[in-house]
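The following exchange concerns one part of a structure, shown below.

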Amino acid sequence: MTALEAYELTTQGGGTDFARLIKACESFGPYCLIGGLAVNCYVEPVYTLDADIVVIARSLSMLSAHLQEQGFKTEEHPHSVNALAPGSKLRIQFTTDERYQVFLARSVEAEVLGVRVRVASLEDVTQGKLWAYGDPRRRLSKRKKDELDLIRLAEAYPELKSAYPSELKEQIDRG
């Protein structure tokens, strides 16, 4: 069984929904993956149900409407627009945090779940994870996942540690 087949099975169609999502994103201008799926492009992958994406700000409302026409349910939140296809366990989150807009110009192409996609650069993925890790409003379980992603990145790319907070650097060095 391929990774895509396993993902498709465990997410009840999430792989297919991911492909539909990327096709929609491509038709509304620049976009790139951020978050766990993006981290998985740079280090040994771990399983995630989340697809975190940044799109060009001016296109988000049109993309959201398009996804609704395609059967996705969307919800607006203070810092994101979330989308979910009926019956799918793939959780899609479009960030509305303006800091991520600069990631679009530096994104790179990669294959994710059998689909060619735009992914934030290694440095930008790391920066996004640092922002998430340092956000005290996030649930502890989410911050711990961000911490693990940062540790995984630093193990593969030790030069990234220079941007990390001292307590995380020390933890990694004790490793």
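Q: Please look closely at the second largest pocket: how many nonpolar, polar and charged residues does its lining have?

A: The lining of the second largest pocket has 12 nonpolar residues, four polar ones and one charged one. Here Ala, Val, Leu, Ile, Met, Phe, Trp, Tyr, Cys and Pro count as nonpolar, Asp, Glu, Lys and Arg as charged, and the others, Gly among them, as polar. The model is predicted, with local features requiring pLDDT of at least 70 and side-chain atom pairs pLDDT 80 or more, while totals for chains, interfaces and linings use all residues. Residues are numbered from 1 along each chain as its sequence is written, and side-chain values use heavy atoms, without hydrogens and water.

In total, 17 residues line this second pocket, and A3, L37, N40, P45 and L113 lie nearest its centre. (A pocket is an open set of points on a 1 Å grid over the protein atoms alone where a 1.4 Å probe fits, with protein on both sides within 12 Å along at least five of seven lines; lining residues have an atom within 4 Å of a point.) Two elements, α1 (3–10) and β6 (108–112), give two or more residues each to the lining of the second largest pocket. Of these, α1 gives the most, with five residues. The space in this pocket is about 370 Å³, taken as that filled by probe spheres set on the points, which are joined across faces, edges and corners.

The largest pocket, for its part, has a volume of about 1,100 Å³. Its lining comprises 39 residues, with D52, S80, Q93, R138 and K142 nearest the centre. By class, the lining of the largest pocket divides into 12 nonpolar, 11 polar and 16 charged residues. Its largest share, six residues, comes from α6. (Helices are DSSP runs of H or I with at least four residues and strands runs of E with at least two, numbered from the N terminus.)
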